[in-house]
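Got the viewer open? Keep the selection box handy, and let's walk through a few spots one by one.

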Amino acid sequence: MQHFNLKRTVAALSLGVGLLAGMPAMASDDVTVAVPISLDSLDPYNTNSTLAQAVGKSYYEGLFAFDKDLNIQPLLATGHTVSDDGKVYTFTLRQGVKFHDGTDFNAEAVKVNLERVLDKANGLARYNQFNRIEKVEAVDPSTVRITLKEPFSAFINALTHPSAMMISPTALKKWGKDITFHPTGTGPFEFVEWKPSTHLKVKKFAGYWQKGYPKIDTLTFRTVTDNSSRGAMVQTGEAQFTYPLPYEQAKLLEKDDKLSIVAAPSIVADYVALNVQHKPFDDVRVRQALNYAINKEALAKVAFAGYAVPSAGVIPQGVQYAEKMAPWPYDPKKARELLKEAGYPDGFTTSLWSAYNDGTAAKVVQFLQQQLRQVGVKASIELLESGQRVQRVQSVKDAKTAPVRMYYATWSASTGEADWALRPLFASTAWPPVFNNVSYYADAQVDKSISDALLTTDPAAKTRLYNQAQERIWEQAPWMFLVNRRLLSAQSKSLEGFYVMPDGSFQYRDVALKH
């Protein structure tokens, strides 16, 4: 047994306390990110918002993750095998990982999460992403086997998507549907608070399984709908990162030597969905006319300060199996001819909703309104808040009574593969509230091409099938195909490791502040 000199020990402790008291407190590393819209849900399985899923990467993790260039990397899974018939996937799981509430991450947790989204009674938005799963089996704590109803060639991409996150089974049991307010994952940060209209805050998770991470103490996502205010926040240091940067502010902020401006390539499509179940959009000539009516080059300049190009196909270049096409030309004369041919010589009156209420979205719909007026189409415009978007568009259960007519939105194929650029937006099974086919478009040939492409693992066959679908969609024009934008962000030069990915999501595993 060791014997201590009690007086000497107390004196040493007193001296240490005195030294600490005289030293300045260590400053915590806090990063604020300014974003343009409110988060609609913190349940990764119940949102179609790229931003909500990007934020979710702070407290949740999946079996796989995309790196900043959309390459698939293992995360909570360390490896997998696939049966010869393409239907049985066996995953080896990372051991020693705990959820924020102390629950073990294991095969049972994977089973609970996937069975939750597969239960139609739960009505979760991402059901269609996983509905090819027949059963999930926990073979042992570190092995899970997933059997599919049929081959699904994009399955690993689907599991890499940031909606396929692992939630603590204990938290799911405790909170049920209210899990959206109590996110509990295995991520580098744990949830602190969410005030939907203003901000979401997370803090470093001390028990995170990757040693040395995270490198900062807190991360706050602040909702700032006003474009100018977001740009100003990085100038004043209120925020260290902002995305999207108002396009018109890029040249101004480039002059600030404390900031870096990045224009990243994107797979984000800007479009207007046309409700084909209602007149006049049930007529393909009307839909084609609207595509001819818009000067996409001018739109790129007016709303995006030139940081955009006209859409050259249904799927943006950079997504696997995207077919490049000649953009719809600007031809108002042709637009008027088609409208006359369809029985609308004087045009018509309709409504144009925007899925977003930020400054860039306002510029887009105002420009579209002016262009449409030149061919006789009078469109009233409305910018929806996230709650209105959910209520009026995403939650509508009957196409016949759906109030949406023209709907400006963006989409990124966040799995990096054509399936996710087509199935949620154009398949007849993807009408709201199931998914985002807000055009209520249905075409048997397109449906068959999309489904057949998922059954084959032959790249040549997949290319042919996806090309067939894209060419038919392009011709039938359930959308006004607008532009593909560059992703513009601004950040403090003291910040490193925070990136905008091609799908408009974020990658910030290595986020840190330089001192």
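Start by selecting D283, which caps the N-terminal end of helix α9: one of its side-chain oxygens lies 2.8 Å from the backbone nitrogen of R285. Keep in mind as you look around that this is a predicted model.

Now extend the selection to α9 itself, residues 284–292. Is this helix enclosed or open? Seven of its nine residues are buried, so α9 is largely enclosed by the rest of the structure. To see them, pick V286, R287, Q288, A289, L290, N291 and Y292.

Next stop: S311. You'll find S311 in the loop between β14 (308–310) and α11 (332–341). With a relative accessibility of 5%, under the 20% cut-off, S311 counts as buried. Show its side chain and look for the backbone nitrogen of V483, which the S311 side chain reaches at 3.2 Å. Then bring up the other company S311 keeps: setting aside neighbours within four places in sequence, its contacts are D270, P327, W474, F481, L482, V483 and N484.

On to a helix pair. Select α15 (residues 444–455) and α16 (residues 459–476). How do these two pack? Their axes are 9 Å apart, at an angle of about 155 degrees. That is over the 145-degree cut-off, and α15 and α16 are therefore roughly antiparallel to each other. The crossing of α15 past α16 is left-handed.

Show side chains at this contact. From α15, pick Q445, V446, S449, I450, D452, A453 and L454; across from them in α16 are K462, L465, Y466, Q468, A469, R472 and I473. Colour them by class and the contact of α15 with α16 comes out as eight nonpolar, three polar and three charged residues.

Leave α16 on screen and add helix α14, residues 419–426. What angle do these two make? The axes of α14 and α16 cross at roughly 50 degrees and come within 11 Å, and the two helices are therefore oblique to each other. Here, too, the crossing is described as left-handed, with α14 passing α16.

For the contact itself, select D419, L422 and F426 in α14, which meet Y466, A469, Q470 and I473 in α16. By class, that gives five nonpolar, one polar and one charged residues.

Before you close the session, highlight Y466, A469 and I473 in α16: these residues meet α15, and they also meet α14.

Note on methods: Residues are numbered from 1 along each chain as its sequence is written. This is a predicted model: local features need pLDDT of at least 70, side-chain atom pairs count only at pLDDT 80 or more; totals for chains, interfaces and linings use all residues. Side-chain values use heavy atoms; hydrogens and water are left out. Axes are lines fitted to C-alpha atoms, for helices over the stretch in contact, and angles run from 0 to 180 degrees between N-to-C directions. Helices (H or I, at least four residues) and strands (E, at least two) are DSSP runs, numbered from the N terminus. Angles under 35 degrees count as roughly parallel, over 145 as roughly antiparallel, 65 to 115 as roughly perpendicular and the rest as oblique. A crossing is left-handed if the near helix is turned anticlockwise from the far one by less than a right angle, and right-handed if clockwise. Contact means heavy atoms within 4.5 Å. Ala, Val, Leu, Ile, Met, Phe, Trp, Tyr, Cys and Pro count as nonpolar, Asp, Glu, Lys and Arg as charged, and the others, Gly among them, as polar. Buried means under 20% relative accessible area, exposed over 50%, partly exposed in between (1.4 Å probe, protein chains only). A polar contact is a pair of N or O atoms within 3.5 Å; within protein, one must be able to donate a hydrogen and the other to accept it, and residues adjacent in sequence count only if both atoms are side-chain atoms.
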